[in-house]
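Biologist: Hi! Could you bring the model up so we can walk through it together?
Modeller: Sure, here it comes.

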Amino acid sequence: LGAAGITTREACGNSVRNVTGCPYAGVCPCETFDVTPYARALMYFLLGHPDAQDFGRKFKPAFSGCADQACGLAYMHDLGVIAVTQVVDGKTQRGFKLLVGGGLGAVPRQARVLTEFAPVGELLPLAQAICRIFGRYGEKKNRAQARVKFLVDKWGIEKFREEVFAERAKLRDDPRWTEYLAAAELEAETPLRPGAELPATPAGASEALRHWLKSNVKPQRQKGYYTATVALPLGDITADQLRQLADIVRRFTKGTLRTTVEQNFVIRWVSGADILPLFAALEAADLHEAGAGNILDIVACPGTDTCKLGISSSRGLAGELRSRLAAKSFQMDQAIQDLHIKISGCFNSCGQHHICDLGFYGSSRTVNGIKVPHFQVVVGGQWENNGGAYGLPIVAVPSKRIPEVVDRITEFFLKNRQKDENFHNFIKRVGKGPVRKLLDPLAENLPTPGQEPGLYTDWGDPRQYSIGDIGKGECAGEVITRYQFETTAAERMIFEAQLLLEKGETQKAGEDAYKGMIRGAKALVQMQYDDVGNDPAEIVAEFTERFHDSGLFADPSVGAAKFATYLFDAHAAAGAGKKFTADLAHQQITEAQLFIDAVHSCHNRLRSEPAVKV
């Protein structure tokens with residue numbers, strides 16, 4: 001690997017991870033300037049740097065050449081770097097807008113602005129100062145709280161900014177600050193062949209070629225050159241295909257290939273004259289899939305295939321959705337083609353379900369006494385503007401009904417959208433209430449296994465949960481009925497908190513999300529203690545003793561122990577009269593839904609045992 005210029009050092013662990021950036025950097029028509037050399041300089045500078053070795057957890061930087069596209073998704077990273085310019089004494093000066101404290105995971109945070117403009121020469125020293133502050137003050141013992149976003153939460157962005165710039169002022173001059181930049185800026189990509197305009201699509205061209213030209217080929221800012229995206233369904237490619245792709249890239253370019261955050265490859269600097277031969281070569285390698293960057297380009301994490309945290313089959317669902325959508329893609333309205341779908345097998349956002357039009361993450365529910373794979377439906381996210389908005393879950397639907405969820409939502413969007421209105425703005429305008437109303441019939445009053453056996457299996461797994469999963473004991477039926485009543489009410493309260501947030505009633509939204517958590521905790525407590533009342537302090541005390549301290553709630557397979565802290569923190573904050581901003585209310589709603597999902601997980605584990613009444 002070293003001989004090929006590749007290192008695995010700091011690819012994992014509590015370190016600065018791989019520095020990422022926009023795959024179109026340097027060739028994008030709308031970029032401010034090429035961020036590639038600066039990303040490369042930061043990577044070399046921080047790799048093995050002594051000030052980046054004492055973190056509690058990982059630190060992920062990302063670069064974007066512009067603000068309004070998805071590009072590097074700067075707002076979801078620990079350090080986001082966006083190219084900007086300003087005029088100083090009549091001269092245009094390059095610099096960066098620096099963002100800190102972003103991240104997805106179970107409870108996502110959008111990065112905050114550290115500075116609107118940092119000159120190019122300040123990029124490396126400011127990054128070093130941020131690493132020093134993170135290493136010194138970031139959480140070390142509790143890994144669940146050990147990312148930069150939690151330190152920014154704890155201090156607030158104003159104090160974090162003050163500490164970083166104070167640390168920057170203390171740093172000794174380092175010649176590498178300029179040496180790495182100078183070396184990186186000397187590197188430049190060049191084409192293999194002269195540029196040429198893209199030829200007209202030949203008469204009789206296949207639908208596959210026409211669709212590929214429309215969705216996978218983009219003009220570069222350099223006249224006569226184009227990028228071509230190699231779309232990989234589910235991100236999969238074989239070793240033989242990789243070797244063929246390497247040969248293809250050498251044939252048409254000087255090796256200018258980049259990976260993308262959507263699990264694809266982008267071939268850069270292809271002459272327009274070579275686009276049709278390139279397609280033929282990709283077709284021969286079975287790498288000619290169309291639909292890059294649109295609704296067919298579904299991103300999914302490994303889910304239950306290989307991940308120990310997987311709850312529902314994210315890859316199985318992604319494959320099914322892609323197959324169904326591809327069958328009608330040629331007739332699909334452009335507004336639907338432009339949607340983004342992302343799927344995670346659990347609440348952790350490895351599939352980036354928070355920042356897309358239609359997001360799904362795996363969960364489970366007990367239906368008719370049997371555990372059934374579900375997905376939470378997430379809407380309100382935004383892929384553009386570097387991951388500009390994070391969505392929220394609105395309802396859990398059985399996994400096998402998610403294709404119908406997609407059909408209902410897209411039909412509703414087409415029927416009710418205004419001219420040129422994208423999906424994100426559409427959801428902001430109509431609100432989540434009408435969408436939830438569309439989906440409620442898919443989530444409620446589910447048939448028995450005898451009536452619809454497929455509902456009780458997951459995608460790609462024909463096994464059905466056995467009747468032995470039904471809870472035993474004289475009072476099991478009664479407990480399950482009451483449990484379902486309480487948790488349904490809890491989830492309804494949390495969803496209504498979202499509607500309050502949409503209306504700008506942030507304080508009540510945060511308070512109602514807390515009340516939903518209390519209702520969910522009560523549902524569990526009642527499995528053991530009939531006489532619990534409605535006093536939040538009593539419910540929290542009983543939950544703490546019976547489920548948290550006893551270890552019943554701490555399912556290591558889903559990391560549920562940390563979700564108990566969401567309840568405890570919300571309860572303490574309620575007692576202290578916490579004031580909610582929109583961001584804080586959004587966070588509390590997310591934590592409330594995750595707590596309810598953990599409640600369901602705990603109930604599913606315990607339901608096969610007789611209820612113990614005290």
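Biologist: Let's start with a detail: which residue in β3 is the bridge partner of Phe63?
Modeller: That would be Val81. Keep in mind that this is a predicted model.

Biologist: Fine. And in what sense do β2 and β3 pair there?
Modeller: Parallel: β2 (residues 61–64) and β3 (residues 79–88) are joined by four bridges.

Biologist: Which helix packs on the sheet and touches those strands?
Modeller: Helix α1, residues 36–46, has contacts with β2, β3 and β4 (91–100). The direction of α1 is at about 165 degrees to that of β2.

Biologist: What's the strand order in the five-stranded sheet?
Modeller: The order is β1-β2-β3-β4-β5, in an open sheet with mixed pairing.

Biologist: And why do β1 and β5 each have one side without a neighbour in the sheet?
Modeller: Because β1 (20–21) and β5 (112–119) stand at the edges, and each has a single partner strand.

Biologist: Which helix lies across β4 and β5?
Modeller: Helix α4, residues 157–170, and α4 runs at about 35 degrees to β5.

Biologist: Switching topic: how do α6 and α8 pack?
Modeller: Helix α6 (residues 207–216) meets helix α8 (residues 275–284) at an angle of about 115 degrees, and their axes are 11 Å apart. The crossing is right-handed.

Biologist: Which residues meet there?
Modeller: From α6 you have Ala208, Leu209, Trp212 and Leu213, and from α8 there are Ile275, Leu276, Leu278, Phe279 and Leu282. By class, that contact has nine nonpolar residues, with no polar and no charged ones.

Biologist: Now β12: how many of its residues are buried?
Modeller: Ten of ten, across residues 358–367. On one side the buried residues are Leu358, Phe360, Gly362, Ser364 and Thr366, while the other side has Gly359, Tyr361, Ser363, Arg365 and Val367, so both faces are covered.

Biologist: Which strands pair with β12, then?
Modeller: One of them is β11 (residues 341–344), which is parallel to β12 over four bridges. There, Lys342 has Gly359 as its bridge partner. Strand β13 (residues 370–379) runs antiparallel to β12, with nine bridges between them. In that pairing, Arg365 is matched with Val372.

Biologist: And how many residues sit between β12 and β13 in the hairpin?
Modeller: Two. In that turn, Asn368 has a positive phi of about 50 degrees.

Biologist: Great, thanks for the tour!

Notes
Residues are numbered from 1 along each chain as its sequence is written. This is a predicted model: local features need pLDDT of at least 70, side-chain atom pairs count only at pLDDT 80 or more; totals for chains, interfaces and linings use all residues. Side-chain values use heavy atoms; hydrogens and water are left out. Two strands pair if DSSP finds at least two bridges between them. Contact means heavy atoms within 4.5 Å. Axes are lines fitted to C-alpha atoms, for helices over the stretch in contact, and angles run from 0 to 180 degrees between N-to-C directions. A crossing is left-handed if the near helix is turned anticlockwise from the far one by less than a right angle, and right-handed if clockwise. Ala, Val, Leu, Ile, Met, Phe, Trp, Tyr, Cys and Pro count as nonpolar, Asp, Glu, Lys and Arg as charged, and the others, Gly among them, as polar. Buried means under 20% relative accessible area, exposed over 50%, partly exposed in between (1.4 Å probe, protein chains only).
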